[in-house]
Amino acid sequence: MNPMLYILTLTGRPEKVFSVNGHDDVQVVPMFVEEEDAERYVYLVDEVHDPSIPDLDVVEVDGAAIMAACASQNTEFIVFQKDDLIIPPRVL
């Protein structure tokens, strides 16, 4: 059985996975082991109050499938473990 992970998608558009710019402007998809951590991240992103940041939903996905999808799109990902300290990137 593949582990389930939580990702962020654009509200109303579950096919649009949220990503952030990593080093050298590489897209990185944040993934979470715990739903509560994903929800906390969404809350922190919402607190930025930047109208350019879309509303986000937390979606449970098959971990292996989403990692394979990232690999096929040449997109990096990071899996946050339970209670990792996560601070969303600041919007400049």
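**Exercise 1.** Among contacts in the chain between residues at least 6 apart in sequence, what percentage joins residues at least 24 apart?

*Solution.* The model is a predicted one, in which local features need pLDDT of at least 70 and side-chain atom pairs count only at pLDDT 80 or more, while totals for chains, interfaces and linings use all residues. Residues are numbered from 1 along each chain as its sequence is written, and side-chain values use heavy atoms, with hydrogens and water left out. Taking contact as heavy atoms within 4.5 Å, 73% of these contacts join residues at least 24 apart.

**Exercise 2.** Describe the order of the elements and the compactness of the chain.

*Solution.* With helices (H or I, at least four residues) and strands (E, at least two) read as DSSP runs, the chain has two helices and six strands, which follow one another from the N terminus as β-β-β-β-α-β-α-β. The radius of gyration, taken over C-alpha atoms, is 13 Å, close to the 12 Å given for 92 residues by the globule rule, so the chain is as compact as a globular protein of that length; the rule is 2.2 Å times the number of residues to the power 0.38.

**Exercise 3.** Locate the largest nonpolar core, a set of buried (under 20% relative accessible area, 1.4 Å probe, protein chains only) Ala, Val, Leu, Ile, Met, Phe, Trp, Tyr and Cys residues joined through side-chain atoms within 4.5 Å.

*Solution.* Of its 14 residues, Leu 8, Phe 18, Phe 32, Tyr 41 and Leu 56 touch the most other members. Two or more residues come from each of β1 (4–10), β4 (27–32) and α1 (35–46), and α1 gives the most, with four.

Methods: Buried < 20%, exposed > 50% of the residue type's maximum accessible area, 1.4 Å probe, protein only.
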